[in-house]
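Trainee: I am new to this structure and would like a close look at a single part of it, the aromatic residues and the core around them. Could you take me through that part slowly and connect it to the rest of the chain?

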Amino acid sequence: MAVCAKRLGKLVISARLLQNSHVHNERFLSTSLCLRTSGNDSEPPKFVPPSKPIITDKTQPVASLRKFLSPEFIPPRQRTDPLKFFMERKDMIRRRKTVDIPEFYVGSILAVNMADSNAGEKINRFVGICIQRGGKGLGATFILRNIINNQGVEICYELYSPRIQKIEVLKLEKRLDDNLMYLRDALPEYSTVDTEMKPVPISPLGEVPVNKIKVKMRPKPWSKRWERPKFNIQGIRFDLSLTPEQMEDAQKWAQPWLEYDMLKEYDTSKLEEELLTEVQQETSK
């Protein structure tokens, strides 16, 4: 029995020695492989810089994707020389390549930078609401109005004047009327615009929002009889300023036959499409 126990002890010791030698050989092989692989990659890995973050300035206006043709491109219906308007369109497009003239309507709030030799910084900046657009061709104009120091201030700009350096749309919107000259007779709060106003973002694809506000007027007399039907004013609260008898008296001046006057206005849809494609092709060159 003693002899068997000694033999079993020797077998256990030999098995342990074999196991230790096997583990040592595995460690040696792994370290040698690591050294070989590190020896092959003599050059360090190249540094790959991270991608630059994309920073978008949401305060900048987005280019409009709507089909918009400025109204001064449409010539009036009268005996005019087509060559004159063709030459004017060339000059207007050339000017638009120099200065960005954005899309705006009567009722939009604009900021205009204009060269002024009498100003301190040689630049005069005026912020106001557009109350009128007029003129055709190079003679197109627009009027901005604002209340400054409790005083109404209006400036009439020539749209294609070389003195205009920048036209910025702070708030793009329409009104119920195409002419807001009645704001001269309205309360000052409807013409007051903050001079430090920041641009209001708007979708370049959707429809232009319509501001359906109706203003309150000062007591009479007004600069014009806005209640008469020929003006067709929709943005005034006449019920707060006039009596029913005065409104009934104003209806006596109605001219219902003008509704059937086919020569008063003419369809310019085809002409607008032709002019729009011409302007887009010329500006893209």
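Mentor: Before we begin, one term is needed: a contact, or touch, means that heavy atoms lie within 4.5 Å. With that in hand, E282, which is found in helix α4, touches K90, I93 and K97 when residues up to four places away in sequence are not counted. E282 counts as buried because its relative accessibility is 17%, and the cut-off for buried is under 20%.

Please keep in mind that this is a predicted model. The mean pLDDT of the chain is 83, with 80% of the residues reaching 70 or more. Among the elements, strand β3 (residues 141-148) has the highest mean pLDDT, at 96, whereas helix α1 (residues 2-40) has the lowest, at 51. Over residues 23-40 the pLDDT is below 50, and this stretch has zero contacts in the model beyond near neighbours in sequence. Where pLDDT is low, the predicted coordinates should not be read in detail.

As for the overall layout, the chain has four helices and seven strands, and read along the sequence they follow the pattern α-α-β-β-β-β-β-β-β-α-α. Of the 285 residues, 31% are buried.

Now to the core itself. The largest nonpolar core holds 27 residues, and the members that touch the most others are F142, L144, Y157 and L159. Two or more residues of this core come from each of α2 (82-98), β1 (109-115), β2 (123-134), β3, β5 (164-171) and α4 (269-284). If we stay with F142 and leave out residues up to four places away in sequence, its contacts are F104, L110, V112, C130, Q132, R133, I155, C156, Y157, L159 and I167. Two of the names in that list return in another setting, since F104, F142 and Y157 form one aromatic cluster. There is also a second, separate core of 23 residues, which includes A111, L180, V193 and I236.

The aromatic residues deserve a look beyond that cluster, and a search of the whole structure finds five aromatic pairs. One of them joins Y182 and W226 edge-to-face, with 6.1 Å from centre to centre and 75° between the planes. Y182 lies in the loop between β6 (174-175) and β7 (210-211), while W226 lies in the loop between β7 and α3 (244-250), so the pair ties together parts that are 44 residues apart in sequence. Both partners are buried, Y182 with a relative accessible area of 2% and W226 at 6% relative accessibility.

Charged side chains also meet aromatic rings here: K174 lies over the face of Y105, at 4.7 Å from the ring centre, and R228 lies over the face of W253, at 3.8 Å from the ring centre.

Finally, a link from outside these elements helps to connect the picture with the rest of the chain. P71 lies in the loop between α1 and α2 and counts as partly exposed, at 35% relative accessibility. Leaving aside neighbours within four places in sequence, P71 is in contact with R133 and K136, and R133 is also among the residues that F142 touches. The C-alpha atoms of P71 and A140 are separated by 8.8 Å, although these residues are 69 apart along the chain. Across the chain, among contacts between residues at least 6 apart in sequence, 67% join residues at least 24 apart.

Terms used: Residues numbered from 1 in each chain as written. Heavy atoms only, no water. pLDDT = per-residue confidence, 0-100. Phe/Tyr/Trp six-rings, centres within 6.5 Å; stacked < 30°, edge-to-face > 60°. Buried < 20%, exposed > 50% of the residue type's maximum accessible area, 1.4 Å probe, protein only. Lys NZ or Arg CZ within 6 Å of the ring centre and 35° of its normal. Core = buried A, V, L, I, M, F, W, Y, C linked by side-chain atoms within 4.5 Å.
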